[in-house]
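Here's a quick tour of one protein chain, written with a modeller in mind. Have the structure open while you read.

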Amino acid sequence: MAEDSDLERTEEATPKRIEKAREEGQVARSLELTTFTVLLASSAGILFMGSGMMDKLLKLMKAGMQLDRELAFQPDLMVNRMYELAFEALIAIAPLLFLLLVVAFFAPMSLSGWMFSTKALMPKFDRIDPIKGIGRIFSVNSLIELVKAILKTIVIGGVAALVIWYNKESVMMLLTLPIDLGISRTGEFLMMSFLLIVGAMILVVVIDVPYKIWEHAKQLRMTKEEIRKEYKESEGDPFIKARIRGLQREAARRRMMAEVPKADVIVTNPTHYAVALRYHSNSMRAPKVIAKGVHLLAARIREVAEEHRIPILEAPPLARALYHHAELESEIPEKLYTAVAEVLAYVFQLKRYNEYGGKAPQPPVDVPVPAELDPGQQAV
C-alpha cells in the first residue's frame with residue numbers, strides 16, 4: 001500500500017518541476033481569456049476609431065467607384081489604381097489591426113507571464129498516435145471542453161436573441177428611415193449588440209480561467225518518489241555529500257594546522273583542549289584564534305607548537321572558554337580580553353627572557369574567566 005501511494009500523483013509540483021514545464025512550453029493558457037480580450041479591444045477600437053476609419057473607407061469607396069474613361073481602356077492603370085486603393089484602405093484600418101495584434105500578443109501573458117520556448121516547436125510523434133488520440137477524444141478534458149462550448153453557445157446565443165427581441169421594434173423602424181440615417185442607426189445597433197455579446201463572454205472566462213489554472217497544476221502533480229528523486233538530484237547523494245564534507249573538513253584542518261607555527265601562544269586544558277592565539281598590535285584590534293581543537297586534534301596542535309617552539313600555557317578555564325566562544329580567524333570575545341592580556345603579557349616577558357636573560361617570568365595562575373563562558377564551571 002505504501003508503494004502504491006508513493007506512485008500516485010498526489011503532491012504539488014515543486015518549483016523545479018514548474019520551471020522545467022515552462023521551459024518545455026507547458027503553462028496555463030486560456031483561449032477564452034484571449035478571445036474575450038481581443039474582442040473587447042476590437043470593440044473599444046471600433047468605438048473610438050470607427051468614425052475616422054469609416055470616413056476614410058467611404059472616401060476610398062467613392063473614389064474607387066468613379067468611372068474614369070482613361071482607366072477603362074488601360075487595364076495596367078486600372079490594376080495600379082486598385083493596388084493604390086487597397087494600400088490606402090490598409091493604412092486606414094492599420095491602427096485597429098495594430099491594436100488587435102498587440103492585445104493578441106500580450107493577452108496570454110496575463111495568465112502565465114512572458115515565456116519563450118523552442119521546445120514546444122519540436123515534433124512529438126506521440127501526438128499522432130491514433131490510440132492516444134482516441135483516448136484524448138473520449139477523455140474527461142474533452143467532455144469539459146464540450147460543456148464549455150455548449151455553455152458559450154447558450155450564453156452568446158441567448159444574449160444575442162435577447163438583444164434582438166428587446167430591439168425588434170427599432171430594427172423594424174430602420175426600414176422606414178432614410179439611407180444615411182438608417183446606415184448610421186444600424187451601425188449603432190450592431191455596435192451595442194457586439195458590446196453586450198462580448199460582455200456576456202466574461203461569464204465563460206470566469207469559469208475557464210480558474211479551471212485552466214487548476215488543470216495545469218493537476219498535470220504537474222508529482223509522486224512522492226519523484227519528489228525524493230528530484231531532491232536527491234538537486235541536493236546530491238547523501239553519501240557523496242558526506243564524503244565531500246569530510247574532504248572539506250580535512251582541507252580546513254590542514255589549513256588551520258599550517259597557521260599554528262604563526263601563533264604567539266597555545267592555551268591548553270592541558271589534554272582535552274588546545275587553542276592557538278596570535279596578536280600583532282600594529283595590525284590587529286584584538287587577539288585572534290587561528291587554530292583550535294579537542295582530543296587528538298588538540299594533541300596535534302601541541303606537537304606542532306613544540307616543533308616550532310611556540311609557548312604552551314596550561315589554563316583550563318581559558319582554553320575551554322576560547323574553544324566554545326571564539327571562532328576561527330575571529331577576534332576573541334571582549335569578556336576574555338583581561339584573561340588573554342595576562343597570557344600575552346607572560347608570553348612577551350618569556351620571549352624577552354629567552355633573548356636577553358634575566359629573571360624568568362612566572363606563568364599566570366587563576367586567569368580570570370567569567371563563569372558564564374566556562375563550560376566546566378557551568379557543569380559544576
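What follows goes from the whole chain to one helix pair and then to a surface patch.

Keep in mind that this is a predicted model. The protein chain has 380 residues, and 28% of them are buried. As for secondary structure, you'll find 17 helices and five strands in the chain. Its accessible surface adds up to about 26,000 Å², with 64% of that belonging to carbon and sulfur atoms. If you take the contacts between residues at least 6 apart in sequence, 73% of them join residues at least 24 apart.

Now for the helix pair. Two packed helices are described by the angle between their axes and the distance between the axes. Here are the two helices from that pair, plus the one that turns up in the patch below:

| Helix | Residues |
|---|---|
| α8 | 140-166 |
| α10 | 179-200 |
| α11 | 202-219 |

The axes of α10 and α11 cross at roughly 20° and come within 4 Å of each other. Because angles under 35 degrees count as roughly parallel, α10 is roughly parallel to α11. Where do the two helices meet? On the α10 side it's Val198, Gly199 and Ala200, and on the α11 side it's Ile202, Leu203 and Val204.

Over on the surface, Leu143, Leu146, Val147, Ile150 and Ile154 make a nonpolar patch of about 480 Å². One of these, Ile150, sits in helix α8. How exposed is Ile150? Its relative accessible area is 44%, so Ile150 counts as partly exposed, a class that lies between the 20% limit for buried and the 50% limit for exposed.

Methods: Residues numbered from 1 in each chain as written. Predicted model: local features only at pLDDT ≥ 70, side-chain atom pairs only at ≥ 80, totals over all residues. Heavy atoms only, no water. Patch = residues over 30% accessible without salt bridge, like charges linked within 9 Å, V, L, I, M, F, W, Y side chains within 5 Å. Areas by Shrake-Rupley, 256 points an atom, 1.4 Å probe, with all protein chains shown as cover. Salt bridge = Lys/Arg side-chain N within 4 Å of Asp/Glu carboxyl O. Buried < 20%, exposed > 50% of the residue type's maximum accessible area, 1.4 Å probe, protein only. Axes fitted to C-alpha atoms, helices over the stretch in contact; angles between N-to-C directions. Parallel < 35°, antiparallel > 145°, perpendicular 65-115°, else oblique. Contact = heavy atoms within 4.5 Å.
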